[in-house]
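This report covers aromatic pairs, one helix contact and some whole-chain totals. Please have the structure open while reading.

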Amino acid sequence: MMQLIAIEWLRFKRNRLNLWVTGLFLLVMLASAVWSGLAAREFRQHSPAAPQTVNAMSNQAEMHDAPKAADHTPKANAFSASAAAPPLRLPALSGLALSVRQLDFLSTGIKISTRSRHTDGRNSDQLFNPMLHELGMLDFATVFALLTPLMVIALSYGLVQEDRESGVWRLVCTQMSAPWRLVCAALAVRYSVVVLTVFSSSLLALCLDPAFSLETLAYWLAFAGLYTLVWFGIAGLFLLLPFSSGAAAIGMLGVWLILTFAGPALLGWAADRHAPMPSRLDSIIAIRQFQEQNNQQRQALMAQWYSNHPDLQLPAGKELPREIAGLPAGLVLDQQIRPVMYRFDSARQAQFEFLEAWSWLSPALAAVQMADRLAGIDAPRYAEYIQAVNHFEDQWRDYFVPKIMSDSAWSDELSHDQPRFAFAYPANPAACLSLIAGQAALALLLLAVLFFSRRRFAKA
């Protein structure tokens, strides 16, 4: 067998077309790895500075929208200190380079305040042109998922068919007792070339990220090797078919289109039926109704808040600014809106987990989900992040609102005692292993079918 592999390697490298395909694939993968790795590095370098920028803009908006507070209270008070809270950030994991572009579509920075962030339009994300945004470079995981099958097809689609068409395969079958070993050796050589290309580019992309970890690298390389093996299994099955080389190439491209594009679309449709996304219009209507009810009960809710806090009273004859007087109503409003908004995160989580369970039907979908898991931007982790933000926001408001409502002065000691946000939700090893196991099961199934059908190669 080793002699056959050496012969096939000599045959492979003497074919200029194979070298051109491999070189082009390597060049594209390395370029994508460098771009993704540097983008992840830039994100981590600029993320500490981002809260200060957003915080300054938020402070300006808060003070511009609350002139009465500046007139009635001193600068160093609890109200101005609460406006100076930096936004919370979803910490990316060590696999950020694999799926760096997806961070642009997530609200990873959340500005907490005494207002409801769900109705405060000043804290909205940046605006961008979706069409121009989509024309940017793809992240590494997407390039890997799209181009690896194409390279497998380009290197292996005519291994047996061309020899059959030229009459060489009949001679091979008469000289070998097991022609399938020659096919196996040819596929093994090509598999090694593709895997080395993928592994080297993956290592480059992850090493350029300052948060590189060996655990993430091991998970990704294991998945990438199995993903490539799945496509070589598909290529081997097409070599069994009595088609011409052109028909085999078209058939393999058809399978690539189905598994890469049609499969995820059908699974997405099924996931939407499994966990339907709530109606945005109904949610907006419900939020507007909550706002109207709270506006009508603003004075009553403020009086109730002070009755629940008899130890905190304003000095006699002092009138609260409108923004501060509306805090109790705003807190009640936020508690009413949160369940409505969290339904969207719960639906995304359920859909993601449904797609994860069926991702073995679409290897490309599994690759993207694996990258999201390792990057820390998957829907389940984001839902946990939103829950942690809500919990911290409650603690933060419990600390600031009594001081704001009693018009307390602010000091450095109070600043040191305020709550600190900490979100340490690592990658889910069970989910990563499940995705790897799905690819392993699919690869073993294809290889088993190929092995039990190996004698069909002897048919000249």
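Tyr382, Tyr385, Phe392, Phe421 and Phe423 form a cluster, linked by ring pairs. The coordinates belong to a predicted model. Another ring takes part in a different kind of contact: Lys403 sits over the face of Tyr399, 3.9 Å from the ring centre.

**Aromatic pairs**

How many aromatic pairs does a search of the whole structure find? The search returns 17. Two of these pairs are set out below, with their ring geometry.

| Pair | Distance between centres | Angle between planes | Class |
|---|---|---|---|
| Trp220 and Phe223 | 6.1 Å | 25° | stacked |
| Phe451 and Phe452 | 5.6 Å | 75° | edge-to-face |

Why is the pair of Trp220 and Phe223 stacked? The planes of Trp220 and Phe223 are at 25°, and stacking requires planes under 30 degrees apart. Both residues belong to helix H11, which spans residues 214–240. Three residues separate them along the chain, about one turn of the helix. Trp220 has 0% relative accessibility, so it counts as buried. Phe223 is buried as well, and its relative accessible area is 0%.

Now the pair of Phe451 and Phe452. Their planes are at 75°, so the pair is edge-to-face; the cut-off for that class is over 60 degrees. Are these residues buried or exposed? Phe451 is partly exposed, at 41% relative accessible area. Phe452 is exposed, at 67%. The cut-off for exposed is over 50%.

**A helix contact**

Two packed helices are described by an angle and a distance, both taken between their axes. Helix H9 covers residues 168–175, and helix H10 covers residues 179–207. Their packing angle is about 115°. The axes lie 8 Å apart. Which residues make the contact? From H9 come Trp169, Val172 and Cys173. From H10 come Pro179, Leu182 and Val183. By class, the contact has six nonpolar residues, with no polar and no charged ones.

**The whole chain**

The chain holds 20 helices and two strands. Of its 460 residues, 47% are buried. Which residues account for 87% of the contacts with a separation of 6 or more? Those 24 or more positions apart do. The exposed area is about 23000 Å², and carbon and sulfur atoms supply 63% of it.

Terms used. Residues are numbered from 1 along each chain as its sequence is written. This is a predicted model: local features need pLDDT of at least 70, side-chain atom pairs count only at pLDDT 80 or more; totals for chains, interfaces and linings use all residues. Side-chain values use heavy atoms; hydrogens and water are left out. Axes are lines fitted to C-alpha atoms, for helices over the stretch in contact, and angles run from 0 to 180 degrees between N-to-C directions. Helices (H or I, at least four residues) and strands (E, at least two) are DSSP runs, numbered from the N terminus. Contact means heavy atoms within 4.5 Å. Ala, Val, Leu, Ile, Met, Phe, Trp, Tyr, Cys and Pro count as nonpolar, Asp, Glu, Lys and Arg as charged, and the others, Gly among them, as polar. Buried means under 20% relative accessible area, exposed over 50%, partly exposed in between (1.4 Å probe, protein chains only). Accessible areas come from the Shrake-Rupley method with a 1.4 Å probe; for residues, only the protein chains shown count as cover. Rings of Phe, Tyr and Trp (its six-membered ring) pair if their centres lie within 6.5 Å; planes under 30 degrees apart count as stacked, over 60 as edge-to-face and the rest as tilted. A charge sits over a ring if NZ of Lys or CZ of Arg is within 6 Å of the ring centre and within 35 degrees of the ring normal.
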